[in-house]
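Here's a quick briefing to go with the model on your screen. Have a look at the structure, then read on.

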Amino acid sequence: MSVRSSKSTKYVDSDILIIGGGMAGCGAAYEARYWGRKMRIVVVEKANIERSGAVAMGLSAINCYMGLRWNENTPEDFVRYTRSDLMGLVREDLVYDIARHVDSTVHLFEEWGLPIIYDEKTGHYKREGRWQILIHGESYKPIVAEAAQKSASEIYNRIMVTHLLTDARNPNRIAGAVGFSVRDGSFYVFKAKAVIVSAGGATHIYRPKSVGEGAGRTWYAPWSTGSAYALLIQVGATMTQMENRLVVTRFKDGYGPVGAWFLALKATAKNAYGEEYEKKYVDEQRMLYGNYVDAKPFPTCLRNDSMLRELKAGKGPIYIHTEAVLDTREKEELGWEDFLDMTMSQSIVWASQNIDPKTTPSELQTSEPYIMGSHATCSGAWASGPDDMATDIYKWGYNRMTTIEGLFGAGDTIGGSAHKFSSGSFTEGRIAAKAAVAYILDHPDYHPDIDTKMVESLKDEIFRPMENYNVGKNKIVAGTVSPLYIYPNQGVIRLEKIMDEYAGGWGNMYMTNEFMLNRGLELLTMLKEDLSKVAAEDLHQLQRAWELHHRVWTAEAVIRHTLYRKETRWPGYYYRADYPKLDDTNWHVFVNSRYDPAMKTWYMSTVPVMHIIG
Amino acid sequence: MPTFVDVSICDGCGKCVEICPSDIMHIDRKMRRAFNIEPDYCWECYSCVKACPQHAIDMRGYADFCPLDHALTVLREPEKGRVSWKVKYRNGTVKSFTFPIRTTPFGSIKPPDSFPLKEQELRSQLLSHEPEYLKVPSQKEVSAR
Ligand SMILES: Cc1cc2nc3c(=O)[nH]c(=O)nc-3n(C[C@H](O)[C@H](O)[C@H](O)COP(=O)(O)OP(=O)(O)OC[C@H]3O[C@@H](n4cnc5c(N)ncnc54)[C@H](O)[C@@H]3O)c2cc1C
Ligand code: SF4
Ligand code: SF4
């Protein structure tokens, strides 16, 4: 019996299907239930919603909170900040929309029991920085998941979604999704009137800095596998800013975040000679990148750029001087909790290397690039904006609907709207879900019509890696070298090597050019062909096989976008050596792409950046 | 390997398998004990460590950059609303920390459909519980610009 025919098929009907139960997915479940009281709301999650996604281990801060009630910031302020941090290019309608709602999300979290730290003097939430507030966030995800569990009609854990389904009568209308159970191998067909994709960002697209056992210690979670992008691209959704990959400066190797240290504890970073270097290159930077270098605060990518210049000049290691700021037990606790709540590995690095932050500085480094839509970057799907904010070119229906009818997105999935973080991602899930409810009510006669032949062929495709293994395994005695197939992890390593060496990874100091990108695309195309020859010995490897598929599609979009934008817009994230300057005359635009599934062709275009806020 | 299991304590209950976001805690079929099948896909997120009723799982920092003889152990007590950490340095230094994790009992969140539905707001820009939960005196921030 073939592998596929031994797997049972299960059908699940829903009104709203939410793919990915992370921050955005949980927000979507909650809001969908508020407005869609009688609707069937289904969440499908590849792990266990209790601890899934980027917040699995907790967080020590909420990085997006306005403080409207205390007049701390206005949504306009937030748009201005986000815009200057992203070197001018954000969807201001989407950013504004997050800002005007995010406080109500945070107040809900507090009511649910998330401990938020107060400033005794002001009586306000204690600020880490202008937009960040401090929390005791070990249980952030279980708390948020509890709200989702109380909202959804059903939550399917351990189902990896592999493909979206469009309607048999209308290829530009969503009808559901398919996937498989990582536990019992059942094949799942989800039908839905509206789908919200909230499947997180992407790591392991680029070679990580640690390549042995430590490869799992990427800053963003290793289980962020680009599903959000690949699922959407393959049904023809328009994507934006996929070239805007994120590189973060973090504590070396452990990837401990720097926010609390720089913003709350006021630690400084210095080169090995004890000199502050961040603004040392500002004149050169101004010549290349224009007045963006005068933005306050200094844009995230430029801070990386300064550090990279310093490292190239041989002035490393770069140190963060924790020892200069931990003068009280309170501050020491704050510093430790920062990592014990969200990056325990950093504490392990300290313990193992005898680094006491009270006496010894720590090294900083820049990370490998990640693809995300929620941080100091905004890759993702091109989405319709809010009615009252979006100009016509940004609006074609319902808020956060992609260019596929009935297909919505939130969090890392949606592009153009940076600095959402955990709270903004949850908020965007709420926004998308409310719009999805309205969409369903406006289309009362719609019933998903799924082409059974297509579903059958997807079932074949999904289980093919196990078939490949069964067929090919006898060619070798034991071990991992087969002439007939590659294992998922071998594919990931090939992908990482291509992306690192040709598409601006850390191994080449984030530098690339047209020749390198074209060569990268050529090799990536062969990897894509080899995807039909990936082998999986068991269901766990089958999950890895599909994660690899999703990563490769994501990577292809990154290369195509990077090729198309002929300038260096975000130095410190990547450099086009053949176009080393930021070019506002020609490139103050979004780069959008659309893969046409019928023609199997990519189309690239540019869309104007509309400045709505002065 | 990032997580490792003490086989003399593990009883094969599978709680770590249920929770691991990376799907890498599995039960060895012969031994009937848990083990990490893919240490290089472990994020050291401690989800499994916190979930293990027997405290059988521990962490050894990544071999790539962590010298031996260190430990970071955790005790999460949801009913007491706290988590406690103990850091043991290679040189013997020990530090301990305890932090709150939740201010309300686990399971106490009120579902969204226990609140009255403001049906007339479905087409407005307001989300559930708004404007009240914004806690601003006026509605100006969410109304049309
Ligand atoms: C180390 C670290 C520190 C951070 N610090 C902060 C901070 O201090 N403050 C802050 O506000 N934010 C912080 N963030 C950012 C924040 O975590 C993210 O912005 C947010 O989680 C993004 O939400 P999301 O829902 O888009 O993705 P996620 O929360 O990652 O959720 C994605 C979900 O989709 C699931 N999924 C993926 N693929 C599939 C598939 N194919 N089928 C089914 N399910 C799938 C995943 O399992 C996951 O549950 C930090 C993140 C990290 C990693
Ligand atoms: S949770 Fe603990 S006791 Fe249960 S299987 Fe895992 S390691 Fe063993
Ligand atoms: S620490 Fe996290 S990633 Fe590693 S095995 Fe445990 S649950 Fe899985």
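In H2(A), the buried residues (under 20% relative accessible area with a 1.4 Å probe, protein chains only) are A:Pro75, A:Glu76, A:Asp77, A:Phe78, A:Val79, A:Tyr81, A:Thr82, A:Arg83, A:Ser84 and A:Asp85. This is a predicted model, where local features need pLDDT of at least 70, side-chain atom pairs count only at pLDDT 80 or more, and totals for chains, interfaces and linings use all residues. Residues are numbered from 1 along each chain as its sequence is written, chains are lettered from A and ligands numbered from 1 in the order in which they are written, and side-chain values use heavy atoms, leaving out hydrogens and water.

**Helix H2**
- H2(A) spans residues 75-85 and is mostly covered, with ten of its eleven residues buried.
- Its buried residues pack against helix H3 (92-112) and helix H8 (300-312) of chain A, contact being heavy atoms within 4.5 Å.
- After H2(A) comes A:Met87, with a positive phi near 55°.

**Second largest pocket**
- The second largest pocket holds about 800 Å³ of space.
- Its lining has 29 residues, and A:His163, A:Gln234, A:Glu461, A:Trp553 and A:Lys600 lie nearest the centre.
- H12(A) gives the most to this lining, namely six residues.
- By class, the lining splits into 16 nonpolar, seven polar and six charged residues.

**Ligand 3**
- Ligand 3 sits between chains A and B.
- Around ligand 3 there are 14 residues (a heavy atom within 4 Å), the closest being B:Cys20, B:Cys42, B:Cys45, B:Tyr46 and B:Cys48.

How values were computed. On a 1 Å grid over the protein atoms alone, a cavity is a set of points where a 1.4 Å probe fits but cannot get out, and a pocket is an open set with protein on both sides within 12 Å along at least five of seven lines; lining residues have an atom within 4 Å of a point. Grid points are joined across faces, edges and corners, and a volume is the space filled by probe spheres set on the points. Helices (H or I, at least four residues) and strands (E, at least two) are DSSP runs, numbered from the N terminus. Ala, Val, Leu, Ile, Met, Phe, Trp, Tyr, Cys and Pro count as nonpolar, Asp, Glu, Lys and Arg as charged, and the others, Gly among them, as polar. Buried means under 20% relative accessible area, exposed over 50%, partly exposed in between (1.4 Å probe, protein chains only).
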